[in-house]
Amino acid sequence: MEKSLVFKFLGLSFDLTGIIGSTLMALVVLFVCIWLSRKVEMKPNKRQNVIEYLLDFTDGIVKDNVSDEDAQKHLSLYAFVLFLFIWFMNMLGLFMEVKVGDWTVVKSPTADPVTTMSFAMMTLLLSFTFGMQKFGVGGYWRNYASPVGFLFPINIIEEITNFLTLSLRLYGNIYAGEVLLTLIGNRLAVSFGLPTMILAAPLAMIWQAFSVFIGSIQAYVFVTLSMVYIGRKVTKE
């Protein structure tokens with residue numbers, strides 16, 4: 001059974017496996033963005049076309065779901081970085097998983113619910129921030145009780161369910177994909193020797209390709225739903 005590296009500091013437990021994976025992918029995103037945006041020209045080169053396409057793609061997600069123009073200005077870059085960061089973290093465990101004995105040192109950070117909940121919490125806090133900037137503190141909370149007062153507790157419960165579904169959807173998909181790859185590679189491949197090893201090789205490649213597709217879709221879904229939730233907070237009910 002695999003175990004994550006955990007260390008304690010000031011009475012708090014920190015998942016070192018998640019920290020290592022997240023830090024590695026943050027550096028990868030930084031490197032990719034710097035590499036793609038080097039030597040920007042009026043006549044775009046291939047690298048410039050890639051980053052401009054990604055920026056247009058994520059900017060389209062923001063504009064489709066957030067009507068407030070002031071919020072759009074701040075969210076375009078956030079959506080771009082969020083999409084790249086989540087996508088690379090989803091891919092990490094598919095192509096590189098480092099274990100030392102029973103301890104897992106590197107895996108997809110999004111296969112940990114704490115990581116996905118952290119992203120969902122960022123979206124939740126941003127939605128509060130933009131909503132209060134738009135309507136003021138009083139107007140923001142009054143919007144929870146619009147058009148009738150008894151909707152206030154229902155809308156509060158909806159905030160909690162949005163947070164949980166946003167985070168656990170991403171976690172569940174990535175975790176399930178990695179578990180199945182592990183079962184194919186570590187259980188099926190060695191269960192009956194050469195015959196199952198031959199069967200497991202193409203099966204693992206097919207599932208890995210499918211997991212790349214699922215990881216990409218989940219990055220898109222997470223960013224889209226984040227913009228939907230924020231867009232609702234800057235629109236009067």
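The legends below describe several close-up views of a predicted model of one protein chain.

**Figure 1. Overview of the secondary structure of the protein chain in the predicted model.** The chain contains six helices and five strands, and, read from the N terminus on, these elements follow the order β-β-β-α-α-α-β-β-α-α-α. Of its 237 residues, 38% count as buried. When contacts with a sequence separation of 6 or more are considered, residues 24 or more positions apart account for 68% of them.

**Figure 2. Close-up of the contact of helix α1 with helix α2.** Helix α1 spans residues 16-37, and its axis comes within 7 Å of the axis of α2, with a crossing angle of roughly 125°. This angle makes α1 oblique to α2. On the α1 side the contact is formed by Cys33, Trp35, Leu36 and Ser37, which meet Arg47, Gln48, Val50 and Ile51 of α2. By residue class, the contact of α1 with α2 comprises five nonpolar, two polar and one charged.

**Figure 3. Close-up of the contact of helix α2 with helix α3.** The axes of α2 (residues 46-65) and α3 (residues 69-95) come within 8 Å of one another and cross at roughly 120°. At that angle α2 is oblique to α3, and the crossing in which α2 passes α3 is right-handed. From α2, the residues Ile51, Leu54, Leu55, Phe57, Thr58, Asp59, Val62 and Lys63 take part, and they meet Gln72, Leu75, Ser76, Ala79, Phe80, Phe83 and Leu84 from α3. The residues of this contact of α2 with α3 divide into 10 nonpolar, three polar and two charged. Ile51 of α2, listed here with the residues facing α3, is also among the α2 residues that meet α1.

**Figure 4. Close-up of helix α3 packed with helix α4.** Helix α4 covers residues 113-144, and α3 packs with α4 at an angle of about 175°, their axes being 13 Å apart. This angle makes α3 roughly antiparallel to α4. The α3 residues Ala71, His74, Leu75, Tyr78, Leu82, Phe85, Ile86 and Met89 meet Thr115, Phe119, Met122, Thr123, Leu126 and Phe130 of α4, and the residues of this contact divide into 11 nonpolar, three polar and no charged. Leu75 of α3 takes part in this contact with α4 and is also listed in the contact of α2 with α3.

**Figure 5. Close-up of two spans carrying the UniProt annotation "transmembrane region".** In the unreviewed UniProt entry, this annotation covers residues 12-37, 75-95, 115-132, 179-200 and 206-230. Over residues 75-95 the predicted chain is 100% helix and 0% strand, with the end C-alpha atoms 30 Å apart. Residues 115-132 are likewise 100% helix and 0% strand, and the end C-alpha atoms of this span lie 26 Å apart.

**Figure 6. Close-up of the surroundings of Thr110.** Thr110 is found in the loop between β5 (103-106) and α4, and it is buried because its relative accessible area is 0%. Apart from residues up to four places away in sequence, Thr110 touches Met89, Asn90, Thr115, Thr116, Leu170, Tyr171 and Ile174. Met89 and Thr115, both touched by Thr110, also appear in the contact of α3 with α4. Computed along the sequence, Thr110 and Trp87 are 23 residues apart, while in space their C-alpha atoms are 9.5 Å apart.

**Figure 7. Close-up of the surroundings of Ile61 in helix α2.** Ile61 counts as buried because its relative accessibility is 5%. When neighbours within four places in sequence are left aside, the contacts of Ile61 are with Tyr220, Val223, Thr224 and Met227. Ile61 and Met227, one of these contacts, are 166 residues apart in sequence and 7.3 Å apart in space, C-alpha to C-alpha.

Notes
Residues numbered from 1 in each chain as written. Predicted model: local features only at pLDDT ≥ 70, side-chain atom pairs only at ≥ 80, totals over all residues. Heavy atoms only, no water. Axes fitted to C-alpha atoms, helices over the stretch in contact; angles between N-to-C directions. Helix = DSSP H or I, 4+ residues; strand = E, 2+ residues; numbered from the N terminus. Parallel < 35°, antiparallel > 145°, perpendicular 65-115°, else oblique. Left-handed = near helix turned anticlockwise from the far one by under 90°. Contact = heavy atoms within 4.5 Å. Nonpolar A, V, L, I, M, F, W, Y, C, P; charged D, E, K, R; others polar. UniProt positions renumbered as here; feature names shortened; annotations may be inferred. Buried < 20%, exposed > 50% of the residue type's maximum accessible area, 1.4 Å probe, protein only.
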